[in-house]
Amino acid sequence: MQKKLLPVLTFVRIDIRRLFRDKLAMFFTFVFPLLFLFVFGGIFGRNNSSVNFNIALLNHSSSSFAKQFVKDAKGEKIFKISDTVKTLDDAQEKMSRGELDATIVLPENFGEQSSKGYPTGQAQVLYNKSNEQGGQTLASVLTSVFDGINAKFVPMERPFSVVAKSTAKQGLTQFDYVFSGLLGFALLGAGIFGPVNVFPKLKEKGVLRRYHTTSLRVWQYFLGNVVSNVIVGLLSITTMFIVGLTVFHLNMRGNYLLLGALIALSAIMLFGIGLAIGGWAKNERQAAPLGQIVTFPMMFLSGSFFPRFLMPEWLQGVTSYLPLTPVIDAARLIITENRGFFDLLPQFGLIAAWCVVVYFIAFRVFRWE
(Lines give C-alpha, C1' and ligand atoms only; values in the text may rest on other atoms or scores of the structure.)
Protein backbone atom coordinates (compact mmCIF):
# COMPACT_ATOMS: atom_id res chain seq x y z
CA MET A 1 0.00 0.00 0.00
CA GLN A 2 2.86 2.34 0.84
CA LYS A 3 4.34 1.70 -2.60
CA LYS A 4 1.05 2.64 -4.27
CA LEU A 5 0.81 5.88 -2.30
CA LEU A 6 4.37 6.96 -3.18
CA PRO A 7 3.32 8.37 -6.61
CA VAL A 8 0.49 10.23 -4.88
CA LEU A 9 2.87 11.99 -2.50
CA THR A 10 5.20 12.72 -5.40
CA PHE A 11 2.46 14.46 -7.37
CA VAL A 12 1.42 16.41 -4.27
CA ARG A 13 4.93 17.86 -4.04
CA ILE A 14 5.09 18.47 -7.80
CA ASP A 15 1.75 20.30 -7.93
CA ILE A 16 2.48 22.50 -4.92
CA ARG A 17 5.91 23.43 -6.29
CA ARG A 18 4.38 24.15 -9.70
CA LEU A 19 1.85 26.48 -8.10
CA PHE A 20 4.40 28.50 -6.15
CA ARG A 21 6.62 28.80 -9.25
CA ASP A 22 3.76 29.98 -11.46
CA LYS A 23 3.16 33.70 -10.86
CA LEU A 24 -0.15 33.67 -12.71
CA ALA A 25 -1.43 30.72 -10.69
CA MET A 26 -0.29 32.41 -7.47
CA PHE A 27 -2.20 35.55 -8.46
CA PHE A 28 -5.49 33.78 -9.16
CA THR A 29 -5.17 31.51 -6.12
CA PHE A 30 -4.25 34.06 -3.46
CA VAL A 31 -4.32 37.65 -4.76
CA PHE A 32 -7.47 37.57 -6.92
CA PRO A 33 -9.79 36.39 -4.09
CA LEU A 34 -8.25 39.01 -1.79
CA LEU A 35 -9.05 41.74 -4.33
CA PHE A 36 -12.71 40.72 -4.20
CA LEU A 37 -12.49 40.56 -0.41
CA PHE A 38 -11.22 44.15 -0.21
CA VAL A 39 -13.82 45.39 -2.72
CA PHE A 40 -16.77 43.81 -0.91
CA GLY A 41 -15.22 44.51 2.47
CA GLY A 42 -14.98 48.18 1.54
CA ILE A 43 -18.65 48.17 0.58
CA PHE A 44 -20.13 46.06 3.38
CA GLY A 45 -17.40 46.05 6.02
CA ARG A 46 -17.82 49.57 7.27
CA ASN A 47 -20.01 50.34 10.25
CA ASN A 48 -23.61 50.46 9.05
CA SER A 49 -25.13 50.97 12.48
CA SER A 50 -25.57 54.74 11.90
CA VAL A 51 -27.27 56.66 9.11
CA ASN A 52 -25.22 59.13 7.07
CA PHE A 53 -26.47 61.74 4.63
CA ASN A 54 -24.49 63.40 1.87
CA ILE A 55 -26.02 66.86 1.80
CA ALA A 56 -25.51 70.48 0.82
CA LEU A 57 -26.24 73.15 3.41
CA LEU A 58 -27.12 76.57 1.98
CA ASN A 59 -27.32 79.33 4.57
CA HIS A 60 -29.05 82.49 3.30
CA SER A 61 -29.40 83.98 6.78
CA SER A 62 -26.99 86.31 8.52
CA SER A 63 -28.31 85.64 12.03
CA SER A 64 -25.95 84.41 14.70
CA PHE A 65 -28.27 81.45 15.38
CA ALA A 66 -28.05 80.33 11.74
CA LYS A 67 -24.26 80.59 11.76
CA GLN A 68 -24.07 78.55 14.96
CA PHE A 69 -26.48 75.96 13.51
CA VAL A 70 -24.26 75.53 10.42
CA LYS A 71 -21.18 75.17 12.62
CA ASP A 72 -22.88 72.53 14.78
CA ALA A 73 -24.18 70.64 11.74
CA LYS A 74 -20.67 70.37 10.26
CA GLY A 75 -19.54 68.76 13.50
CA GLU A 76 -22.23 66.07 13.36
CA LYS A 77 -21.13 62.66 12.01
CA ILE A 78 -24.61 62.01 10.62
CA PHE A 79 -24.17 64.82 8.07
CA LYS A 80 -21.53 64.80 5.34
CA ILE A 81 -21.80 68.37 4.11
CA SER A 82 -20.36 69.25 0.72
CA ASP A 83 -18.01 72.26 0.81
CA THR A 84 -18.10 72.79 -2.96
CA VAL A 85 -21.84 73.50 -3.33
CA LYS A 86 -22.55 77.21 -2.99
CA THR A 87 -25.76 77.72 -4.98
CA LEU A 88 -29.11 75.99 -5.29
CA ASP A 89 -28.46 75.23 -8.96
CA ASP A 90 -25.25 73.40 -8.07
CA ALA A 91 -27.10 71.44 -5.40
CA GLN A 92 -29.91 70.44 -7.77
CA GLU A 93 -27.41 69.31 -10.39
CA LYS A 94 -25.56 67.13 -7.89
CA MET A 95 -28.83 65.71 -6.53
CA SER A 96 -29.93 64.79 -10.07
CA ARG A 97 -26.67 62.87 -10.52
CA GLY A 98 -27.07 61.10 -7.17
CA GLU A 99 -24.00 62.76 -5.63
CA LEU A 100 -26.15 64.35 -2.90
CA ASP A 101 -29.03 62.82 -0.94
CA ALA A 102 -30.70 66.16 -0.24
CA THR A 103 -30.14 69.87 0.38
CA ILE A 104 -30.95 71.86 3.51
CA VAL A 105 -31.78 75.51 2.85
CA LEU A 106 -31.87 78.10 5.65
CA PRO A 107 -33.91 81.11 4.41
CA GLU A 108 -33.00 84.76 5.07
CA ASN A 109 -35.19 85.09 8.16
CA PHE A 110 -33.96 81.85 9.75
CA GLY A 111 -32.89 82.41 13.36
CA GLU A 112 -34.23 85.93 13.72
CA GLN A 113 -35.73 86.93 17.04
CA SER A 114 -39.49 86.64 17.29
CA SER A 115 -41.82 88.90 19.27
CA LYS A 116 -41.74 86.33 22.07
CA GLY A 117 -38.01 86.77 22.56
CA TYR A 118 -36.52 83.61 21.05
CA PRO A 119 -35.25 82.77 17.53
CA THR A 120 -37.54 81.11 15.00
CA GLY A 121 -37.34 79.85 11.45
CA GLN A 122 -38.26 77.11 9.03
CA ALA A 123 -35.55 75.10 7.30
CA GLN A 124 -36.28 73.52 3.92
CA VAL A 125 -35.22 70.02 2.92
CA LEU A 126 -35.06 69.65 -0.87
CA TYR A 127 -34.74 66.24 -2.54
CA ASN A 128 -35.36 64.57 -5.88
CA LYS A 129 -38.36 62.36 -6.44
CA SER A 130 -35.99 59.45 -7.13
CA ASN A 131 -34.64 59.76 -3.56
CA GLU A 132 -37.90 60.54 -1.79
CA GLN A 133 -37.31 58.07 1.03
CA GLY A 134 -33.89 59.53 1.82
CA GLY A 135 -35.25 63.09 1.79
CA GLN A 136 -38.12 62.25 4.11
CA THR A 137 -35.77 60.40 6.46
CA LEU A 138 -33.50 63.45 6.57
CA ALA A 139 -36.52 65.67 7.29
CA SER A 140 -37.46 63.40 10.22
CA VAL A 141 -33.92 63.53 11.59
CA LEU A 142 -33.85 67.32 11.24
CA THR A 143 -37.25 67.57 12.96
CA SER A 144 -35.90 65.66 15.96
CA VAL A 145 -32.90 68.00 16.06
CA PHE A 146 -35.18 71.04 16.13
CA ASP A 147 -37.37 69.39 18.79
CA GLY A 148 -34.32 69.36 21.04
CA ILE A 149 -33.62 73.02 20.26
CA ASN A 150 -37.27 74.01 20.77
CA ALA A 151 -37.32 72.38 24.19
CA LYS A 152 -34.64 74.85 25.32
CA PHE A 153 -36.87 77.82 24.52
CA VAL A 154 -40.42 76.49 25.06
CA PRO A 155 -41.10 73.84 27.73
CA MET A 156 -43.12 70.98 26.28
CA GLU A 157 -45.06 68.26 28.03
CA ARG A 158 -44.63 64.74 26.65
CA PRO A 159 -47.41 62.40 27.82
CA PHE A 160 -45.93 59.58 25.73
CA SER A 161 -42.26 58.83 25.19
CA VAL A 162 -39.90 56.23 23.79
CA VAL A 163 -36.78 54.81 25.39
CA ALA A 164 -34.18 52.74 23.52
CA LYS A 165 -32.08 50.06 25.23
CA SER A 166 -29.30 47.87 23.92
CA THR A 167 -29.71 44.09 24.03
CA ALA A 168 -25.99 43.89 24.94
CA LYS A 169 -25.52 41.31 22.18
CA GLN A 170 -23.01 41.69 19.41
CA GLY A 171 -24.82 41.95 16.09
CA LEU A 172 -23.65 40.83 12.67
CA THR A 173 -22.62 43.11 9.85
CA GLN A 174 -23.39 42.72 6.17
CA PHE A 175 -19.77 41.75 5.64
CA ASP A 176 -20.21 38.72 7.92
CA TYR A 177 -22.86 37.38 5.54
CA VAL A 178 -20.98 38.32 2.36
CA PHE A 179 -17.74 36.69 3.53
CA SER A 180 -19.02 33.11 3.15
CA GLY A 181 -19.98 33.85 -0.45
CA LEU A 182 -16.45 35.11 -1.11
CA LEU A 183 -15.07 31.88 0.37
CA GLY A 184 -17.21 29.90 -2.05
CA PHE A 185 -16.03 32.08 -4.93
CA ALA A 186 -12.37 31.49 -4.00
CA LEU A 187 -12.88 27.72 -3.78
CA LEU A 188 -14.75 27.71 -7.08
CA GLY A 189 -11.97 29.54 -8.90
CA ALA A 190 -9.17 27.42 -7.46
CA GLY A 191 -11.03 24.13 -7.88
CA ILE A 192 -12.25 24.52 -11.44
CA PHE A 193 -10.03 26.99 -13.28
CA GLY A 194 -6.84 25.35 -11.97
CA PRO A 195 -7.23 21.93 -13.63
CA VAL A 196 -9.13 23.44 -16.59
CA ASN A 197 -6.05 25.52 -17.41
CA VAL A 198 -3.34 23.04 -16.41
CA PHE A 199 -4.51 19.68 -17.83
CA PRO A 200 -4.95 20.78 -21.47
CA LYS A 201 -1.48 22.36 -21.40
CA LEU A 202 0.03 19.13 -20.07
CA LYS A 203 -1.72 17.20 -22.85
CA GLU A 204 -0.47 19.53 -25.56
CA LYS A 205 3.08 19.23 -24.23
CA GLY A 206 2.80 15.44 -24.12
CA VAL A 207 3.43 15.27 -20.34
CA LEU A 208 0.33 13.18 -19.60
CA ARG A 209 1.17 10.82 -22.47
CA ARG A 210 4.53 10.13 -20.85
CA TYR A 211 2.84 9.54 -17.51
CA HIS A 212 0.57 7.03 -19.20
CA THR A 213 3.55 4.96 -20.39
CA THR A 214 4.57 4.37 -16.76
CA SER A 215 2.86 2.23 -14.14
CA LEU A 216 0.97 5.28 -12.88
CA ARG A 217 -2.77 4.71 -12.41
CA VAL A 218 -5.47 7.30 -12.95
CA TRP A 219 -6.60 7.16 -9.32
CA GLN A 220 -3.05 7.82 -8.12
CA TYR A 221 -2.72 10.83 -10.39
CA PHE A 222 -6.14 12.14 -9.35
CA LEU A 223 -5.50 11.62 -5.63
CA GLY A 224 -2.17 13.46 -5.77
CA ASN A 225 -3.81 16.42 -7.49
CA VAL A 226 -6.75 16.40 -5.10
CA VAL A 227 -4.55 16.42 -1.98
CA SER A 228 -2.40 19.26 -3.31
CA ASN A 229 -5.50 21.25 -4.25
CA VAL A 230 -6.98 20.81 -0.76
CA ILE A 231 -3.73 22.03 0.82
CA VAL A 232 -3.59 25.07 -1.47
CA GLY A 233 -7.30 25.77 -0.91
CA LEU A 234 -6.86 25.73 2.86
CA LEU A 235 -3.89 28.10 2.55
CA SER A 236 -5.91 30.48 0.35
CA ILE A 237 -8.93 30.47 2.68
CA THR A 238 -6.67 30.92 5.72
CA THR A 239 -5.21 34.03 4.09
CA MET A 240 -8.70 35.38 3.47
CA PHE A 241 -9.70 34.65 7.06
CA ILE A 242 -6.68 36.50 8.44
CA VAL A 243 -7.54 39.55 6.34
CA GLY A 244 -11.24 39.30 7.23
CA LEU A 245 -10.53 39.08 10.95
CA THR A 246 -7.83 41.74 11.17
CA VAL A 247 -8.95 44.29 8.58
CA PHE A 248 -12.75 43.97 8.47
CA HIS A 249 -13.34 42.55 11.98
CA LEU A 250 -15.20 39.45 10.86
CA ASN A 251 -17.48 37.99 13.56
CA MET A 252 -16.54 34.31 13.49
CA ARG A 253 -19.04 32.51 15.72
CA GLY A 254 -18.53 28.91 14.62
CA ASN A 255 -16.01 26.12 15.00
CA TYR A 256 -12.83 26.47 12.95
CA LEU A 257 -12.29 22.70 12.70
CA LEU A 258 -15.79 22.17 11.31
CA LEU A 259 -15.28 24.98 8.83
CA GLY A 260 -11.92 23.48 7.84
CA ALA A 261 -13.58 20.11 7.21
CA LEU A 262 -16.22 21.83 5.08
CA ILE A 263 -13.58 23.67 3.06
CA ALA A 264 -11.58 20.46 2.51
CA LEU A 265 -14.64 18.48 1.35
CA SER A 266 -15.79 21.39 -0.83
CA ALA A 267 -12.34 21.73 -2.40
CA ILE A 268 -12.38 18.00 -3.22
CA MET A 269 -15.82 18.29 -4.84
CA LEU A 270 -15.11 21.44 -6.86
CA PHE A 271 -11.72 20.14 -7.97
CA GLY A 272 -13.51 17.05 -9.27
CA ILE A 273 -15.53 19.28 -11.60
CA GLY A 274 -12.30 20.83 -12.86
CA LEU A 275 -10.79 17.37 -13.30
CA ALA A 276 -13.77 16.25 -15.37
CA ILE A 277 -13.55 19.28 -17.66
CA GLY A 278 -9.76 19.45 -17.90
CA GLY A 279 -9.40 15.67 -18.17
CA TRP A 280 -11.87 15.48 -21.06
CA ALA A 281 -10.74 18.52 -23.06
CA LYS A 282 -7.96 17.99 -25.60
CA ASN A 283 -6.83 21.62 -25.54
CA GLU A 284 -7.52 25.00 -23.94
CA ARG A 285 -9.97 25.99 -26.70
CA GLN A 286 -12.27 23.22 -25.55
CA ALA A 287 -11.65 23.60 -21.82
CA ALA A 288 -12.02 27.37 -21.37
CA PRO A 289 -15.58 27.86 -22.68
CA LEU A 290 -16.82 24.68 -20.99
CA GLY A 291 -15.31 25.83 -17.70
CA GLN A 292 -17.06 29.19 -18.01
CA ILE A 293 -20.40 27.54 -18.84
CA VAL A 294 -20.15 25.47 -15.66
CA THR A 295 -18.70 28.20 -13.43
CA PHE A 296 -20.75 31.32 -14.16
CA PRO A 297 -24.20 29.91 -13.25
CA MET A 298 -22.82 28.77 -9.89
CA MET A 299 -21.03 32.06 -9.38
CA PHE A 300 -24.19 34.16 -9.74
CA LEU A 301 -26.94 31.74 -8.66
CA SER A 302 -25.39 30.10 -5.58
CA GLY A 303 -25.22 33.20 -3.39
CA SER A 304 -21.61 34.26 -3.92
CA PHE A 305 -22.34 37.95 -4.45
CA PHE A 306 -25.98 38.40 -3.38
CA PRO A 307 -28.37 36.33 -1.24
CA ARG A 308 -30.55 33.69 -2.90
CA PHE A 309 -33.67 34.83 -1.04
CA LEU A 310 -33.85 37.74 -3.50
CA MET A 311 -34.54 35.25 -6.30
CA PRO A 312 -38.02 33.92 -7.21
CA GLU A 313 -39.02 30.90 -5.16
CA TRP A 314 -38.90 28.52 -8.13
CA LEU A 315 -35.34 29.64 -8.90
CA GLN A 316 -34.31 29.23 -5.27
CA GLY A 317 -35.50 25.63 -5.41
CA VAL A 318 -33.45 24.95 -8.54
CA THR A 319 -30.28 26.70 -7.36
CA SER A 320 -30.30 24.90 -4.00
CA TYR A 321 -29.00 21.80 -5.83
CA LEU A 322 -26.07 23.52 -7.55
CA PRO A 323 -22.72 22.20 -6.29
CA LEU A 324 -21.60 25.55 -4.85
CA THR A 325 -24.87 26.34 -3.02
CA PRO A 326 -24.46 23.92 -0.06
CA VAL A 327 -20.85 25.09 0.32
CA ILE A 328 -21.86 28.74 0.77
CA ASP A 329 -24.94 27.91 2.86
CA ALA A 330 -22.97 25.70 5.25
CA ALA A 331 -20.11 28.21 5.56
CA ARG A 332 -22.58 30.99 6.32
CA LEU A 333 -24.36 28.90 8.96
CA ILE A 334 -21.06 28.04 10.63
CA ILE A 335 -19.66 31.57 10.57
CA THR A 336 -22.80 33.52 11.51
CA GLU A 337 -24.89 31.04 13.54
CA ASN A 338 -22.38 28.59 15.03
CA ARG A 339 -24.26 25.59 13.64
CA GLY A 340 -22.90 22.13 14.42
CA PHE A 341 -22.22 19.14 12.19
CA PHE A 342 -25.62 17.51 12.70
CA ASP A 343 -27.34 20.78 11.81
CA LEU A 344 -25.42 20.81 8.53
CA LEU A 345 -26.01 17.19 7.50
CA PRO A 346 -28.17 18.21 4.48
CA GLN A 347 -25.38 20.45 3.14
CA PHE A 348 -22.60 17.93 3.85
CA GLY A 349 -24.71 15.16 2.33
CA LEU A 350 -25.32 17.13 -0.85
CA ILE A 351 -21.62 17.96 -1.20
CA ALA A 352 -20.72 14.28 -0.69
CA ALA A 353 -23.30 13.25 -3.31
CA TRP A 354 -21.81 15.70 -5.78
CA CYS A 355 -18.34 14.25 -5.03
CA VAL A 356 -19.57 10.80 -6.10
CA VAL A 357 -21.17 12.19 -9.27
CA VAL A 358 -18.30 14.42 -10.43
CA TYR A 359 -15.56 11.85 -9.80
CA PHE A 360 -17.55 9.14 -11.52
CA ILE A 361 -17.75 11.44 -14.55
CA ALA A 362 -14.09 12.48 -14.21
CA PHE A 363 -12.86 8.87 -14.27
CA ARG A 364 -15.05 8.06 -17.25
CA VAL A 365 -14.08 11.01 -19.44
CA PHE A 366 -10.40 11.41 -18.49
CA ARG A 367 -7.99 11.19 -21.43
CA TRP A 368 -4.23 11.09 -21.22
CA GLU A 369 -3.86 12.91 -24.54
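Let's start with one residue: F341 is partly exposed, because its relative accessibility is 39%, and that falls between the 20% and 50% cut-offs. Keep in mind that you're looking at a predicted model.

What is F341 doing with its ring? To talk about that, it helps to know that a pair of aromatic rings is described by the distance of the centres and the angle of the planes. A search through the whole structure turns up 13 aromatic pairs. One of them joins F69 and F146: their ring centres are 5.4 Å apart and their planes sit at 20 degrees, so this pair is stacked. F69 belongs to helix α3 (residues 64-74) and F146 to helix α5 (residues 132-153), so to speak two distant parts of the chain, 77 residues apart, that the pair links. F69 is buried at 10% relative accessible area, and F146 counts as buried too, at 18%.

Now back to F341, whose ring pairs with F348. The centres are 5.3 Å apart and the planes make 55 degrees, so the pair is tilted. Its partner F348 is buried, with a relative accessible area of 9%.

Here are the four rings side by side:

| Residue | Relative accessibility | Class |
|---|---|---|
| F69 | 10% | buried |
| F146 | 18% | buried |
| F341 | 39% | partly exposed |
| F348 | 9% | buried |

Rings can also join up in groups. Here, ring pairs tie F38, F175, F179, F241, F248 and Y256 into a cluster.

Two of those names come up again where helices meet: F241 in α8 and Y256 in α9 are among the residues in contact there. Helix α8 covers residues 218-246 and helix α9 covers residues 256-280; they pack with their axes 9 Å apart, at an angle of about 130 degrees. How do α8 and α9 lie relative to each other? They're oblique, because 130 degrees is neither over 145 nor within 65 to 115. The crossing of α8 past α9 is right-handed.

On the α8 side, the contact includes F222, N225, V226 and L234, and on the α9 side it includes L259, G260, I263 and F271. Sorted by class, that contact has 15 nonpolar residues, three polar ones and no charged ones.

Let's finish with N225, which lies in helix α8. Is N225 buried or exposed? N225 counts as buried, at 5% relative accessibility. If you skip its neighbours within four places in sequence, N225 is in contact with D15, F199 and F271.

Terms used: Residues numbered from 1 in each chain as written. Predicted model: local features only at pLDDT ≥ 70, side-chain atom pairs only at ≥ 80, totals over all residues. Heavy atoms only, no water. Phe/Tyr/Trp six-rings, centres within 6.5 Å; stacked < 30°, edge-to-face > 60°. Helix = DSSP H or I, 4+ residues; strand = E, 2+ residues; numbered from the N terminus. Buried < 20%, exposed > 50% of the residue type's maximum accessible area, 1.4 Å probe, protein only. Axes fitted to C-alpha atoms, helices over the stretch in contact; angles between N-to-C directions. Parallel < 35°, antiparallel > 145°, perpendicular 65-115°, else oblique. Left-handed = near helix turned anticlockwise from the far one by under 90°. Contact = heavy atoms within 4.5 Å. Nonpolar A, V, L, I, M, F, W, Y, C, P; charged D, E, K, R; others polar.
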